Amino acid sequence: MTLSYIRVLMTLLSLLLCISMYASDTPYRHLLSGSGMQHASVGVHIVDVDTREVVLSYDADRAYTPASLIKVVTAVTAMKCYDDAACWPTPVGYNGVITDTILHGDVIVKGNIDPSLGNATSQQSPHAFIDSVVDAIKQLGVRCITGRVIVDASVAPLAGWNSWLVEDLGFYYGAICFGANYRGNEYRLYMRTAGEGSRPQVIDASMQLPDMQYHNHMTVGVEDLSEVYIMPYMPHTLLMGTLPAHRDTFALKCAMPDAPLTMAQHLRQALLSAGVEVCGEATTDYILTESGCAVPRSTHVFYTHTSDCMADMLRVMLHESNNLYAESLLRYVALSTDSIATLSTALQTERKLLCDMGLDTLALKKTDGSGLSRKNAVTPQFLSSLLVAAYHDDELGDRFVSLLPQVGKEGTVRSLFMRNRLPGILRLKSGTMEGVLCYAGYYQEGKRTYAVVLMSNHHTCKNSTLRRSTEQFLYQILPALR
């Protein structure tokens, strides 16, 4: 028997031993053979970040739908482009001239993508922007504006949303990223329901969308199976599905079809309420362009609103899994190399940065910044490699690790391991959709740190059921790594 033959034989025996271990090991068996997992795809990849040794791997080269784990990729890319203190200005100006108390011209807001503007998640008051603009105009001595209130959102052409499911677009988590975002691009629509079989009533909204028309085809049923449909720029919302019976107030968390126009309308109304006459209408670059009109530019900037800093926006994106922040941050990646934030430029810039970090980008298919698209695909091995690279990167390192939410305490993973506490610190980003449950992050115990990725697709059990199995799996696996 030759030496080379013996080596081949030993390699095969080692491989068979690994397969046997994965098939018979209790944690794997519990995770893979549970109810609803018979036809699921599960991938696991755990790596010692210091030695780069793979300590556990199962089907890690398969591409999975990652859901919000894509935000980890977006975060790394944005942090490679900007430091924690970076922020973005939204200038407000006018064209024309001011004589006495009259502005002969338009008030123009030049949108700069800022997802924190007017947002309840912001470090600033939701009313700060509108109030500050009104105060600045009054300080100019203006009491009458002959022109219009225009919001120019042309810095970020719409893209990416068309790869999302149409049933997601009408809800808050599917709010589209515009070049000018406002109040999180979402609002609450309040309904009242009577007995089963009746039709719910639209009774109020958390903010007025003056041109909005609601086409209500809902019925009252046993549970909330509501459906909300919109299209960008269209002032129509289609309501379908069912709502539970006998509710005096039931809130639907809806997305705005046209956030720039809503901003323009709210600013115009605030000026009127403050005693500043506005002769023209509220409009946007989209409306002007569609009607064949030129979009005017400011000749005088009288107020500049500053976004939250990058670190705060990253924290909202990663802790609360906020899709609007993710889409906005991806477009800021485009602004690092261009003056127009197209999605294609952002993705090209991102892919180059990831290649420069030594990552195999063929293992990543990315079509948006948030993971809401089911066209996204990535392997567990790629994600663990990204986590290892970020950990050792001079620009990221501890700065990135500390941004991931701590399990049992923060963000969307605050409820994990509440009863069975793990030794050490586990920081994870979660990703969930129907038939998708994924986690990626770091496990730190003593002086050792591990990159941990676990992805499941196509399971037919509820995510809550698989979440319990995943928790049990990690509880048995992670302490054993010490």
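A residue counts as buried when its relative accessible area is under 20%, as exposed when that area is over 50%, and as partly exposed in between. The exercises below apply to a predicted model.

**Exercise 1.** Determine whether Asp 106 and Arg 148 are buried or exposed or partly exposed, and describe how their side chains meet.

*Solution.* Begin with Asp 106, whose relative accessible area is 7%, which is under 20%, so Asp 106 is buried. Continue with Arg 148, whose relative accessible area of 27% lies between the two cut-offs, so that Arg 148 is partly exposed. The side chains of these two residues meet in a salt bridge, with an N to O distance of 3.0 Å. Finally, place the partners in the chain: Arg 148 lies in the loop between strand 7 (144-145) and strand 8 (149-152), while Asp 106 lies in the loop between strand 5 (102-104) and strand 6 (107-110), and the pair therefore ties together parts that are 42 residues apart in sequence.

**Exercise 2.** Carry out the same analysis for the salt bridge of Glu 410 with Arg 427.

*Solution.* The closest N and O atoms of this pair are 3.9 Å apart, which satisfies the salt-bridge cut-off of within 4 Å. Glu 410 belongs to the loop between helix 12 and strand 21 (425-433), and Arg 427 belongs to strand 21 itself, so the bridge ties together parts that are 17 residues apart in sequence. As for accessibility, Glu 410 has 28% and is partly exposed, whereas Arg 427, at 15%, counts as buried.

**Exercise 3.** Locate the partners of the salt bridge between Glu 395 and Lys 80, and find the network to which they belong.

*Solution.* The side chains of Glu 395 and Lys 80 meet at 2.7 Å, N to O. This pair links distant parts of the chain, 315 residues apart, with Glu 395 in the loop between helix 11 (380-392) and helix 12 (398-401) and Lys 80 in helix 3 (residues 70-81). Glu 395 counts as partly exposed, at 42% relative accessibility. A network of salt bridges links Lys 80, Asp 393 and Glu 395, and a search of the whole structure finds 14 salt bridges.

**Exercise 4.** Classify the packing of helix 4 (residues 128-139) against helix 6 (residues 259-273).

*Solution.* The axes are 10 Å apart and the helices pack at an angle of about 50 degrees, which makes helix 4 oblique to helix 6. The crossing is right-handed. Helix 4 contributes Phe 129, Ile 130, Val 133, Val 134 and Ile 137 to the contact, and helix 6 contributes Met 263, His 266, Leu 267, Ala 270 and Leu 271. These contact residues divide into 9 nonpolar, 1 polar and no charged.

Methods
Residues numbered from 1 in each chain as written. Predicted model: local features only at pLDDT ≥ 70, side-chain atom pairs only at ≥ 80, totals over all residues. Heavy atoms only, no water. Axes fitted to C-alpha atoms, helices over the stretch in contact; angles between N-to-C directions. Helix = DSSP H or I, 4+ residues; strand = E, 2+ residues; numbered from the N terminus. Parallel < 35°, antiparallel > 145°, perpendicular 65-115°, else oblique. Left-handed = near helix turned anticlockwise from the far one by under 90°. Contact = heavy atoms within 4.5 Å. Nonpolar A, V, L, I, M, F, W, Y, C, P; charged D, E, K, R; others polar. Buried < 20%, exposed > 50% of the residue type's maximum accessible area, 1.4 Å probe, protein only.
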